[in-house]
There are 2 protein chains.
Amino acid sequence: MSTASGFGKALVIITGASRGFGRALALSVAARVSPGSVLVLAARSEEQLLELKSALTRGETGLTVRCVPVDLGCEAGVEKLIAETRDIQPDIQHLLLFHNAASLGDVSRYCRDFTNMEELNSYLSLNVSSALCLTAGVLRTYPKRSGLTRVIVNISSLCALRPFPTWVQYCSGKAARDMMFRVLAEEEPELRVLNYAPGPLDTDMQREARSSCADSELRNTFSQMHANGQLLTCDQSIQKLMSVLLEDKYSSGEHLDYYDL
Amino acid sequence: MSTASGFGKALVIITGASRGFGRALALSVAARVSPGSVLVLAARSEEQLLELKSALTRGETGLTVRCVPVDLGCEAGVEKLIAETRDIQPDIQHLLLFHNAASLGDVSRYCRDFTNMEELNSYLSLNVSSALCLTAGVLRTYPKRSGLTRVIVNISSLCALRPFPTWVQYCSGKAARDMMFRVLAEEEPELRVLNYAPGPLDTDMQREARSSCADSELRNTFSQMHANGQLLTCDQSIQKLMSVLLEDKYSSGEHLDYYDL
């Protein structure tokens with residue numbers, strides 16, 4: 001349904017688009033869609049979204065970019081984003097929904113320190129529930145139709161598969177999300193669903209992990225990876241993701257890691 | 001740390017103890033602890049807990065049974081349960097915490113129908129957050145000490161590993177819980193942590209799944225299993241769980257399924 005070079009006329013929705021992986025993803029996808037395509041970009045910071053929009057619409061791109069400054073941790077934010085995905089030209093060939101928004105959680109503590117249920121609930125609301133509600137809302141807005149390829153990409157992590165000390169929120173949230181999208185893939189065989197683990201990226205989140213992780217062994221590992229230049233750039237990882245999506249040969253629902261490709 | 005025949009003098013905490021697997025578990029564990037042991041049983045129904053207590057304390061058992069009627073979906077419920085685990089005689093040899101409370105979620109719908117974030121958040125609060133908060137509270141009340149074996153058992157499911165259509169809440173919740181306890185096992189090497197999948201049990205939850213599952217193939221599978229007597233009794237599954245715990249040879253954090261044993 002996609003050509004080797006691009007996604008054709010597309011509606012692209014990216015959460016957590018204002019910086020890091022999400023921002024680089026927006027720039028990369030924008031270069032692979034046809035004029036008439038629409039990018040809907042969500043993040044908390046309106047300022048950063050507008051800056052990205054101006055980078056995306058420089059020159060005669062033929063792209064429409066909608067910035068949606070929202071907090072996806074609450075229902076109103078998810079609903080606002082879903083509303084912004086409506087009224088798109090009906091002849092799009094690709095719907096691409098990238099679930100990239102995520103928070104690291106507090107890695108300065110251990111499981112035995114998580115006595116506050118509200119804190120955990122907030123984490124799961126942003127990192128798990130919102131992804132399912134957004135998916136549901138977008139799929140209902142764009143039901144199955146001939147000529148439309150619907151693609152849902154969950155930005156996952158090695159943490160969805162492997163436990164890391166002090167990362168209980170992140171690991172549990174990513175495990176739940178992977179499973180959620182595996183269930184979705186089972187339910188909707190005509191959807192294309194991918195859980196993509198982008199590898200260890202040189203982003204703000206990685207810096208946060210390096211500085212605040214309570215587990216000294218893990219902290220040292222991150223610091224060494226950083227010092228030895230072993231962290232990936234977002235663009236390195238996105239290049240592989242784009243190839244996977246354009247080649248379109250992955251098994252729907254599967255977990256693919258940068259290092260597997 | 002345990003003898004082949006029992007857990008010695010123990011503090012046993014079981015959530016979802018009023019019926020089904022939890023109730024059978026309480027009866028089974030009670031038969032394997034020494035006089036002076038304390039069972040703390042949590043569930044929503046006080047009436048069913050009191051009935052269970054009377055079954056547990058029939059005769060000269062030497063057991064103390066504390067019934068804690070609470071809703072573990074909210075912080076107050078978890079805190080009340082943690083409070084009830086305090087002031088236990090200090091010479092216990094075993095601390096056994098069984099996370100059995102769980103809800104099936106709504107299996108009459110598909111992922112695309114989950115547009116209500118509050119519904120998902122409530123589900124995750126009961127099935128994920130509460131299990132971590134309860135664990136944290138109990139571990140802080142009973143820190144590492146010589147002569148005390150601390151065991152955390154998560155009643156898991158095949159659904160933690162495999163996606164089933166219409167079971168997005170249950171599968172995602174169980175995947176998150178498994179991962180949570182794997183992280184705990186990494187963090188606390190002296191703890192004994194087990195994710196136990198009890199197999200398909202002939203319980204109220206299974207009946208609910210059989211009657212309301214929107215996926216006809218899955219519904220038929222359950223109905224056939226029921227009709228052909230392929231569902232397990234709780235006691236069959238608990239017998240294997242007891243053997244695993246008493247033999248104490250499992251790798252902490254691992255996922256063990258009834259059918260693997």
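**How chain A meets chain B**

Let me start with the symmetry: chain A superposes on chain B after a rotation of 180° with 0.0 Å of shift along its axis, at an RMSD of 0.0 Å, and that is the relation of a two-fold axis. Please keep in mind throughout that this is a predicted model. If you want to find the axis on the screen, look for Ala176(A), whose C-alpha, at 2.4 Å, comes closest to it of the residues of chain A.

Now to the contact itself, which takes 48 residues from chain A and 48 residues from chain B. Because 100% of the interface residues of chain A are also interface residues in chain B, the copies meet through the same surface.

How much area is buried between chain A and chain B? The value is about 3800 Å², and carbon and sulfur atoms give 67% of that. On the side of chain A, Arg112(A), Met117(A) and Glu187(A) together supply 17% of the area this chain buries against chain B, which is more than any other three residues.

Turning to the polar side of the interface, the rule finds 18 residue pairs in polar contact across it, and it finds 4 salt bridges. One of these salt bridges joins the side chains of Arg140(A) and Asp113(B), with 3.1 Å from N to O.

As for the elements involved, helix H3 (75–84), helix H4 (117–141) and helix H5 (168–187) of chain A each give two or more residues to the side that touches chain B, and H4(A) provides the largest share, 14 residues. By class, that side of chain A has 28 nonpolar, 10 polar and 10 charged residues.

Conventions:
Residues numbered from 1 in each chain as written. Chains lettered and ligands numbered in written order. Predicted model: local features only at pLDDT ≥ 70, side-chain atom pairs only at ≥ 80, totals over all residues. Heavy atoms only, no water. Contact = heavy atoms within 4.5 Å. Buried area = accessible area lost by both parts, 1.4 Å probe. Polar contact = N/O pair within 3.5 Å; in protein donor to acceptor, adjacent residues only side chain to side chain. Helix = DSSP H or I, 4+ residues; strand = E, 2+ residues; numbered from the N terminus. Nonpolar A, V, L, I, M, F, W, Y, C, P; charged D, E, K, R; others polar. Least-squares fit on C-alpha atoms with pLDDT ≥ 70 in both.
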